[in-house]
Amino acid sequence: MADAQDSARTILVAGGGIAGLSAAVEAAEAGFSVVLVEREPFLGGRVARMNKYFPKLCPPQCGLEINFRRIRNNPLIQVMTMSEVEKIEGEAGNFTVAIRVRPRFVNEKCTACGKCSEAAQTSIPNLFNSGLSSVKAAYLPHEFAYPMRYVIAPEVIGTPEAKAIEAACAYGAVETDMAAKSVEVKAGAIIWATGWTPFDISAISYYGAGKYRNVVSNAVMERLASANGPFKGVISRPSDGKQVKKIAFVQCAGSRDENNLPYCSSVCCLASLKQATYLLDQEPEAEVSIFYIDVRALGRHEGFFDKVRQDKRVTLVKGKPGEITEDPQTGMVTVQVENQETGKILKDQYDLVVLAAGMVPSTAGQKIPAPAVAYDEYGFVLSNGQTQGIIGAGCNRRPADVSSTVQDATAAVLKAIQACRR
Ligand SMILES: Cc1cc2nc3c(=O)[nH]c(=O)nc-3n(C[C@H](O)[C@H](O)[C@H](O)COP(=O)(O)OP(=O)(O)OC[C@H]3O[C@@H](n4cnc5c(N)ncnc54)[C@H](O)[C@@H]3O)c2cc1C
Ligand code: SF4
């Protein structure tokens, strides 16, 4: 842990998604000590939950593993998972940060052998899979988790089951008496990279999300398509596990709408095009409909858009669906929409409807616990707050794709280094 003397050479990074990971490795490789604080038991954020990511459509491990290796090999980086910043005091060059650490109940002796999981009986919802599957109360967050270390769910702590789980570990890694703790860190600058959450699509009542099981968000679609997801990568309906053949994507679900999320999240069109390829690649008889206002696939992404729309199994319809309903008997979902180019009302049934939900900054709900940080009207962190030395990075600064997020994180490191020198 950084002490008072080297606080001016320590940068605290809150959030271990691709923005926070990039910032941590860049800062450490510039010679600064880094404390990386992540709320979840694993690093990688939303990218870790994806099936593949554009532009190369590679699996998330590709980009993440390189960063994990750089973190593993750099003694200047200290990773704190299951941790959150509670309070920030001080000024640029000399901040004092209070961090709350939740107990994992598993220490660093864990070899990820899985014996604890075999001893567990209780199942809990698998939040990594958006609750669409379950895990044992002793679990590895996912196969490529960093750190590769199990977690014991607090639900079983204090029960005989917890004792059985502890006894099953031959390495002394399970500590059922581990307690929450508070830690204080000194830092010269703070990079806030706590990312985004999907817009709550249940707010759009006429789309029925939350009510209908086969109407899902684009974030859930990533899990439905993932090999380590609830259906092992075979895209299937949450209601009954039936394999999906006919799918509809509804663009701007809540976005660019004064009543919901007035701005464009910039990546949702590409995300739906990408997700269309998930089904096209695995199902020769796939039928894909995309309902859009206009498709925002600019610059180098235009070729990808062309490739998807040239597939004969894909239909693009300019129009915003007015109503979505689900048949409780069959689980089929009906989408009603006016085709703006022909004026015709279309009504068709699908196995699954994916709502392209926008990105809400995490700071819309949970503000940075420091005085005088500035936000825009939607909760994105602005760089002109009165507290110098607290720098937003990644999607809590603006909606962006991974490569722009990485660039943003690098820029944030430069500002953080300047703040450390104040
Ligand atoms: C459906 C969908 C598909 C997408 N697909 C692609 C794609 O194919 N290619 C692409 O380039 N981009 C894609 N994106 C965009 C991509 O998800 C973002 O660019 C990326 O997630 C931004 O990373 P981030 O680190 O800013 O945020 P996040 O990924 O959200 O990471 C933030 C991290 O901070 C942690 N955190 C949150 N609050 C706290 C707290 N208080 N304290 C500590 N930690 C905290 C979170 O647990 C998380 O680990 C997609 C977006 C959507 C909506
Ligand atoms: S906690 Fe122990 S039993 Fe469980 S995976 Fe780790 S080493 Fe194996």
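Guide: Ala, Val, Leu, Ile, Met, Phe, Trp, Tyr, Cys and Pro count as nonpolar, Asp, Glu, Lys and Arg as charged, and the others, Gly among them, as polar. This is a predicted model, in which local features need pLDDT of at least 70 and side-chain atom pairs count only at pLDDT 80 or more, while totals for chains, interfaces and linings use all residues. Residues are numbered from 1 along each chain as its sequence is written, and chains are lettered from A and ligands numbered from 1 in the order in which they are written.

Visitor: How many residues of each class form the shell around ligand 1?

Guide: A residue is near a molecule if its C-beta atom, placed from the backbone, lies within 6 Å of it. The shell around ligand 1 has 17 nonpolar, 13 polar and eight charged residues. Among the closest are G15 and G394.

Visitor: Where does ligand 1 lie with respect to the domains?

Guide: Domain bounds come from an automatic or database domain assignment. Ligand 1 lies between domain 1 (4–102 + 180–197 + 360–420) and domain 3 (200–357), because both give residues to its shell.

Visitor: What surrounds ligand 2?

Guide: Its shell holds 14 residues, with C110 and K115 among the closest. By class, 11 are nonpolar, two polar and one charged.

Visitor: In what order do the strands of the open sheet stand?

Guide: Strands of a sheet pair through backbone hydrogen bonds, either parallel or antiparallel. Strands are DSSP runs (E, at least two residues), numbered from the N terminus, and two of them pair if DSSP finds at least two bridges between them. Here five strands follow the order β3-β2-β1-β11-β22, with parallel pairing. β3 (77–80) and β22 (390–392) each have a single partner strand, so one side of each is left without a neighbour in the sheet.

Terms used: Helix = DSSP H or I, 4+ residues; strand = E, 2+ residues; numbered from the N terminus.
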